[in-house]
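Here is a quick walk through a small set of features worth having in view while you turn the model around. Have a look at the structure first, then read on.

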Amino acid sequence: MNKKPLRRTRFETVAARRTQRILDLLDILGNCSNKSNYEYTDEDVRKMFLAIENKTKNIKTSFGSAVNRDEKNKFKF
């Protein structure tokens, strides 16, 4: 019997739920693109996506840092 460690199982559960919530919120944000209901400029859209991209990049970096920390003391050729 191959049991996943508790921390791995907990990560999969929490990360999947949080990722889905973010995707759902992005769908809702996409509703704001309807020009019949909202007025916005290209600069508004640029600012929104710049903020989203910066946050995503920062979080991605933090995951990469965790991987690098774990591998720091391992020998490689």
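## A nonpolar patch on the surface

In this predicted model, F11, I59 and F63 come together as a nonpolar surface patch of about 300 Å². To find F63, go to helix α2, which runs over residues 42–71.

## Overall make-up

How many helices and strands does the protein have? Two helices and zero strands, going by the assignment here.

What share of the 77 residues is buried? The answer is 0%. Buried here means under 20% relative accessible area, so that is the bar no share of the chain gets past. As for the outside, the protein exposes about 7,700 Å², and 57% of that comes from carbon and sulfur atoms.

## The largest pocket

The largest pocket holds about 580 Å³ of space. Its lining takes in 15 residues, and R18, T19, I22, I59 and F63 are the ones closest to the centre. Two of those names should ring a bell: I59 and F63 also help make the nonpolar patch.

Which elements give two or more residues to this lining? They are α1, spanning 6–30, and α2. Helix α1 gives the most, with nine residues. By character, the lining splits into nine nonpolar, two polar and four charged residues.

## The second largest pocket

Next comes the second largest pocket, with about 160 Å³ of space. Its lining is made by L26, L29, G30, C32, S33, Y40, D44, V45, M48 and F49. Here too, α1 and α2 are the elements that give two or more residues.

Which helix supplies the largest share of this lining? Helix α2 does, with four residues. Sorted by type, the lining residues come out as seven nonpolar, two polar and one charged.

## Salt bridges around E12

Side chains of opposite charge can pair when their charged atoms come close. The structure holds three such salt bridges, and E12 is a good place to begin. K4 forms a salt bridge with E12, with the closest N and O atoms 2.9 Å apart. R8 also forms a salt bridge with E12, and its closest N and O atoms are again given as 2.9 Å apart.

The R8 and E12 pair sits within helix α1, four residues apart, or about one turn of the helix. Are these two residues buried, exposed or something in between? E12 has a relative accessible area of 28%, so it counts as partly exposed. R8, at 44% relative accessibility, is partly exposed as well.

## A salt bridge in α2

The other pair to look at is R46 and E43, whose side chains meet in a salt bridge at 2.8 Å, N to O. Both are in helix α2, and because they are three residues apart, about one helical turn separates them.

How open are these two to the outside? R46 is partly exposed, at 43% relative accessibility, and E43 is partly exposed with a relative accessible area of 37%. Back at the other site, shared partners let salt bridges join K4, R8 and E12 into one network.

Definitions and conventions. Residues are numbered from 1 along each chain as its sequence is written. This is a predicted model: local features need pLDDT of at least 70, side-chain atom pairs count only at pLDDT 80 or more; totals for chains, interfaces and linings use all residues. Side-chain values use heavy atoms; hydrogens and water are left out. Patches are made of residues with over 30% relative accessible area and no salt bridge: like charges are joined within 9 Å, nonpolar side chains (Val, Leu, Ile, Met, Phe, Trp, Tyr) within 5 Å. Accessible areas come from the Shrake-Rupley method with a 1.4 Å probe; for residues, only the protein chains shown count as cover. A salt bridge is a side-chain nitrogen of Lys or Arg within 4 Å of a carboxyl oxygen of Asp or Glu. Buried means under 20% relative accessible area, exposed over 50%, partly exposed in between (1.4 Å probe, protein chains only). On a 1 Å grid over the protein atoms alone, a cavity is a set of points where a 1.4 Å probe fits but cannot get out, and a pocket is an open set with protein on both sides within 12 Å along at least five of seven lines; lining residues have an atom within 4 Å of a point. Grid points are joined across faces, edges and corners, and a volume is the space filled by probe spheres set on the points. Ala, Val, Leu, Ile, Met, Phe, Trp, Tyr, Cys and Pro count as nonpolar, Asp, Glu, Lys and Arg as charged, and the others, Gly among them, as polar.
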